[in-house]
Amino acid sequence: MRSHIVVDFGDNVTSLFYWFDVDSLSTLKEKVQKRYEIHITDQIIKHGNTVLSEESFRKLYKNRFKEDVDLKVDIPDPSLIQSERRKVFKRGCEGIIHISSYKEQDGLCPNLTFKPSNLSWTIKDLKSYISTKTNMSVEPMCLLFNNIILLSDEELCVDYFLDLKGSSRPISLKLKMLPSVIASDEMFQHRLYYDLCLSPIHVTIPSFGEVDDFVLYPLASIGQIGRPAVMKSLIESLYRIPYGEQELFYEGQALSDNRYPQKNVGNVLEPIYYKLVVFSRRSKELALVYEQNNIRPLHPIHIASFECDHIWEYNYQGKSEESIVQFIEDSMKIPQSKQYFFLDGSVVSISELIEENTRAIETLKVKLAVQVDDDELELLKVVQELQISRVRSIVLKHPNNGTIICEISFSEIHQRMKISELEYLIFRKHCVGLSKNTCVLLHDDKELTFADDLYGLLVTENGNSLESNLVLTLFVYVEDKTLFEEADTFCLKYDMKLLKRVNISFLTGQFSFDILQNHIKDIRDVKFQIDREKGIPPHLQSLFYENKELKDEAELIYMNPKMLYESLTFNLVIKPANEVELFVDGNVLDESITINILETTSVGKLKEMISERSGVPQSLIILGTRHQPYIVDGENDRIYECHFQDNIVIVSKKVFVSLIKVHEDVIVKENYFIRDFEHDNVKTLLEDMKYRYFDQGIVSMKKNEWKLSTLLKNVGESEFVLVLKPKTECNIL
């Protein structure tokens, strides 16, 4: 298979003409005339000894994928060919090879200028020239014209310049690589190969088996980058599928015959996948051909209503033929904009429907519904006569009395409208004063989410019927105080009550708190607020509402679904605190001790108990764990909040330090933790403080009342007073 015709003009003068340029005898003659200034009437073109006609040339063109074609052209003077070549060569043949889209990579210039050295220079010679400049192999190279056409190695460069004579644009080619020809080790050695590789093209052929067949598009042989028209001609040649019975899809979109793929260069590991669709014609002859070649044609689409068993059958015949919406408009008199298709309970677009049909291994069944307003009497009559399901409006209802707040026709709703867009429409036109931050839309007592399909909500759970109206309930709530006034005004207008307070009832009394002021959203927030106000740990609280215990994640807004109350009352049951056994250890103790204590006891009380047992003043005690010895220093923290691992408490000791910053006239109070109980002394403390404040100045003792060798464990509750002076001041002194 060749991408071109070889034409012999006699006297050993030949030339190449690409099939993409010559699809008829007349266009071939025009190309010869343009290239060599030989008039059409002076050309006699033969195949073998037979003079070609348009019909015989068409046969050659149709069989171009099966056999190579050599032609002979009789012209008055064969020397005219070489004469034209010399003329253009004398004028100067110079062009540009575009190598990379990057400014510079691997030391390689993005553009390379070339100039044929003689008349016999071919495209292959040009590749060899590029190889000497780039150190890349010749074999995988291909040169692209117009980003689409692969030039043949046998073509003379001078003929390429003859074809472009008179063009105002600079002569330029793009260098690309064929991945199938590149050795794997060479691919990894040269980084640019990845950028230059042409992606392989796979065409999936639908078959009756479990796995579809596929064709690897012979890019090098055909010489064009994936034009659908060429691929369809190739498939017709290989599988006997008529050209007009095919359609190619790329990423779910049907391609026109002359549309090239958007992605023609990429990572060699990411080929382009085209999908072939074969139309279902009721032809016994074609059916036999498809069966012999294991080709599965497209199944028809069966269109039904939710309300009756009648079926309309539609056969997709390509994007240029009658669409499914046009078919319904013509056969049922239903405008295209009014049609809605449901597949598996969700509304689908026309493109999605066709794409689904191309994947279906059996007849695709879809449901049709029609959007009709009450005043569209003629269309309403058609829908009733055909027993087709009707889509009418979105009805927004009051949460407690069922009255309608507003009604929005589905004619205002596009098929891909998101919940957020619907909310915006409602707030802008019908519920002024509200926003998505102050209300929730409910369907069957469930909040609508961004993933919900508005039209899919019309379909009943069993999928066999369709509601004409989508009934939603409006629920207003406020978490932000700045939005309260407008939301409250709206609620007063429609007799709704905003949730404002929570009342907590327990055995010994009752108290309440404001929801907005304390940012209360769910039961977990309520428990933390109770802890803040009453000191009852959240894990010891059980809250009940309407005799049911509430989970921490339960949101308050759903406990007032009909918006009848401004406050909610929860019953609080307090569980008894657990007693824990703590194992206390540390180098300040002579021996380990065990303390039984309630989990709600404060750290201050625990320190007091340790102080009594160890003799270490309570103010000097620090609690922690084996891995973090100094983490608990607060007196009011409770035991359960400290998360002592395995109930092991490590006791450490600290000393008090006051640091006077002379230049700032401030005193910094610090606790210094004794790390090495047996060896840390006053010198250790002083050196640590000097290191800590090194960048701010010089640290020294205010009074030399302590010997540097004094162990810190023996200091007691006395305070070390240190002075921090700027380095400049110290230098002066």
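**View 1. A salt bridge within helix α3 joins K87 and E84.** In this predicted model, E84 counts as buried, at 12% relative accessibility (buried means under 20% relative accessible area, exposed over 50%, partly exposed in between, with a 1.4 Å probe and protein chains only). Its partner K87 is partly exposed, with a relative accessible area of 43%. The two side chains meet in a salt bridge of 3.3 Å, N to O (a salt bridge is a side-chain nitrogen of Lys or Arg within 4 Å of a carboxyl oxygen of Asp or Glu). Both residues lie in helix α3, residues 79–91, and are 3 residues apart, about one turn of the helix. Helices (H or I, at least four residues) and strands (E, at least two) are DSSP runs, numbered from the N terminus. By the salt-bridge rule, the count comes to 28.

A note for every view: residues are numbered from 1 along each chain as its sequence is written, and side-chain values use heavy atoms, with hydrogens and water left out. As the model is predicted, local features need pLDDT of at least 70 and side-chain atom pairs count only at pLDDT 80 or more, while totals for chains, interfaces and linings use all residues.

**View 2. D531 and R638 form a salt bridge.** Here the closest N and O atoms are 2.9 Å apart. D531 lies in helix α16 (residues 523–534) and R638 in the loop between β34 (621–624) and α18 (639–642), so the pair ties together parts that are 107 residues apart in sequence. Are these two residues buried or exposed? D531 is buried at 12% relative accessibility, and R638 is buried at 13%.

**View 3. R35, R85, D159 and D163 are linked in a network of salt bridges.** Look for these four side chains together when you explore this view.

**View 4. The largest nonpolar core has 52 residues.** A nonpolar core is a set of buried Ala, Val, Leu, Ile, Met, Phe, Trp, Tyr and Cys residues joined through side-chain atoms within 4.5 Å. The residues with the most contacts inside this one are F9, L71, I97, L126 and L175. Helix α5 (residues 157–163) gives the most to the core, with 5 residues. Which residues does L126 touch, leaving aside its neighbours within four places in sequence? They are I97, F114, W121, L143, C157 and L173 (contact means heavy atoms within 4.5 Å). Apart from this core lies another, of 46 residues, among them F306, L425, Y477 and M496.

**View 5. An open sheet of 5 strands runs in the order β23-β22-β26-β24-β25.** Its pairing is mixed (two strands pair if DSSP finds at least two bridges between them). The edge strands, β23 and β25 (446–447), each pair on one side only. β22 and β23 pair in the antiparallel sense over 5 bridges, and the bridge partner of L396 is C406 in β23.

**View 6. Two stretches have pLDDT under 50.** pLDDT is the predictor's confidence in each residue, from 0 to 100. The protein averages 86, and 93% of the residues score at least 70. Over residues 101–107 the pLDDT is below 50, and this stretch has 10 contacts in the model beyond near neighbours in sequence. Residues 264–269 also stay under 50, with 21 contacts beyond four places in sequence. Where pLDDT is low, the predicted coordinates should not be read in detail.
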